[in-house]
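Please look over the sequence and the structure below. A short report on selected parts follows.

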Amino acid sequence: MSDNLAKDLSVKESTKVNLLGLSQQQLGTLLEELGEKPYRAQQVMKWIHHRYLDNFQEMTDISKKLRDKFDEMAEIREPEVVKELISKDGTRKWLMRSESGSLIETVFIPEDGRGTLCVSSQVGCVLDCSFCSTGKQGFNSNLTASEIIGQVRIVRRILADVYPDRKRAVTNVVLMGMGEPMLNFDNMIAAVSLMMDDLGYGISKRKVTISTAGVVPGINKLIETTDASLAISLHAPNDELRNTLVPINKKYPIAVLLEACTRYAVNLGDKRTITVEYTLMHKINDQPEHAAELSTLLKNFPCKINLIPFNPFEGSGYKRPSSVAVTAFRDRLHRAGFNVTVRTTRGEDINAACGQLVGKVEDKTRRQEKYRLIASGAN
Ligand code: SAH
């Protein structure tokens, strides 16, 4: 995003500024450039994020002049919802089209007393973790801030319609959908700040979680940028094994990763912890010796551990451990004094589980269709 949004517009006349992804400060700057008082940003944000308005003319507490100006140069545009799937267990999944034409997925997981929205930050992923289907699909594009926050806005609005009593609502957001949030840093941070801003979605910093496979420079930048919660996808207790599962480990090994995370947690203070995600794969990283090694590794690390039984997909080459093995692994960590939970697999009937998000498959089909049209001169 340029510092001078209005100037930017005169260069790219055809491009409207999408106000959806602008932080309070960015919107204030834009308003100043338009000769308005920056505090008007607060009014506009309430219309956008609290009342889900897309039409500037309905923003009755701002001047007609500004409404007309916005009509000319701005828009409020969400990703287009292509499909909504509802699981037997109440999990909901949406397939949405990003500006690049690719499909992304967003998953809502209702639990007792809370509702977690799993948001995508990129289409595809470059990191190529060996057990993740998104990684297998390669990298396609970054999502804009509007597209990331748009996922929250869409789901909030839909749930408010379906459950006016707020029986189900988005109380937590995790950036654990498709993509590596740290590799789309500026857009991700803009969206995260809107999630936590009271004029945006007002979700507490403890309930917005950025998950990374271990992009350490991103964690270092996070320290200066936000106080949201942090999760790391560890999946192995030593570098040798982790190198095979999470290739970015060769660049930023476990010791370097944990050191950056400790600094982040200490900097936040307030007894904040890091969530350690550990996907359990049969005979790969689920043995008693792995639990023992993990306990030693994380002994002084301020964390809670979240075990994820592997979700199979075709051709992955990995298996999910038995529930007995999962429980045994959990109990070992428990006995070593860790706060540990097992992530129950949700939305299996709609392919909504971790690592099973499949947007790209349909995207490929769509792109092929586009190329066909171009080749035949029809476009
Ligand atoms: N790139 C970020 C965000 C993705 S989060 C990250 O790696 O943290 C998705 C989480 O689900 C990660 O912990 C990922 O390692 C895990 N995961 C991916 N594929 C999985 C699968 N097939 N089964 C279980 N967990 C999986």
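## Around the ligand

A polar backbone atom of Phe131 lies 3.2 Å from a nitrogen atom of the ligand. A polar contact here is a pair of N or O atoms within 3.5 Å; within protein, one must be able to donate a hydrogen and the other to accept it, and residues adjacent in sequence count only if both atoms are side-chain atoms. The table lists the ligand's contacts with Phe131, Thr212 and Asn311.

| Backbone partner | Ligand atom | Distance |
|---|---|---|
| Phe131 | nitrogen | 3.2 Å |
| Thr212 | oxygen | 3.4 Å |
| Asn311 | nitrogen | 2.9 Å |

On its own, the ligand has 540 Å² of accessible area, and the protein covers 95% of that. Such areas come from the Shrake-Rupley method with a 1.4 Å probe; for residues, only the protein chains shown count as cover. Two elements, β10 (208-212) and β12 (274-280), each give two or more residues to the shell around the ligand. Helices (H or I, at least four residues) and strands (E, at least two) are DSSP runs, numbered from the N terminus.

The model is predicted: local features need pLDDT of at least 70, side-chain atom pairs count only at pLDDT 80 or more, and totals for chains, interfaces and linings use all residues. Residues are numbered from 1 along each chain as its sequence is written, and side-chain values use heavy atoms, with hydrogens and water left out.

Which residues come nearest to the ligand? Of the 21 around it, they are Ser211, Ser233, His235, Glu277 and Asn311. A residue is near a molecule or strand if one of its heavy atoms lies within 4 Å of it. The shell holds 10 nonpolar, nine polar and two charged residues. Ala, Val, Leu, Ile, Met, Phe, Trp, Tyr, Cys and Pro count as nonpolar, Asp, Glu, Lys and Arg as charged, and the others, Gly among them, as polar.

## The whole protein

The protein has 13 helices and 14 strands. Of its 379 residues, 53% are buried. Buried means under 20% relative accessible area, exposed over 50%, and partly exposed in between (1.4 Å probe, protein chains only). About 17400 Å² is exposed by the protein, and carbon and sulfur atoms supply 49% of it. Take the contacts (heavy atoms within 4.5 Å) between residues at least 6 apart in sequence: 66% of them join residues at least 24 apart.

## Two sides of one helix

In α4, the buried residues are Leu66, Arg67, Phe70 and Met73. They sit on the same side of α4, because they cover an arc of only 145 degrees around the axis. The arc is that of the directions from the helix axis to the C-beta atoms. Lys65 and Glu72 are exposed on the other side of α4.

## Four loop residues

Tyr52 belongs to the loop between α3 (40-50) and α4 (64-73). Its phi is near 55 degrees, a positive value in a residue other than glycine. Asp128, in the loop between β7 (122-124) and α5 (133-136), also is not a glycine and has a positive phi of about 55 degrees. Asp128 has a relative accessible area of 39%, so it counts as partly exposed.

Tyr163 is in the loop between α6 (145-162) and β9 (172-175). Is Tyr163 buried or exposed? It is buried, with a relative accessible area of 18%. Not counting residues up to four places away in sequence, Tyr163 touches Arg92 and Arg168.

Ser316 lies in the loop between β13 (303-309) and α12 (323-335). Ser316 is buried, at 10% relative accessible area. Its side chain reaches the backbone nitrogen of Tyr318 at 3.1 Å. Leaving aside neighbours within four places in sequence, Ser316 contacts Ser130 and Phe310.
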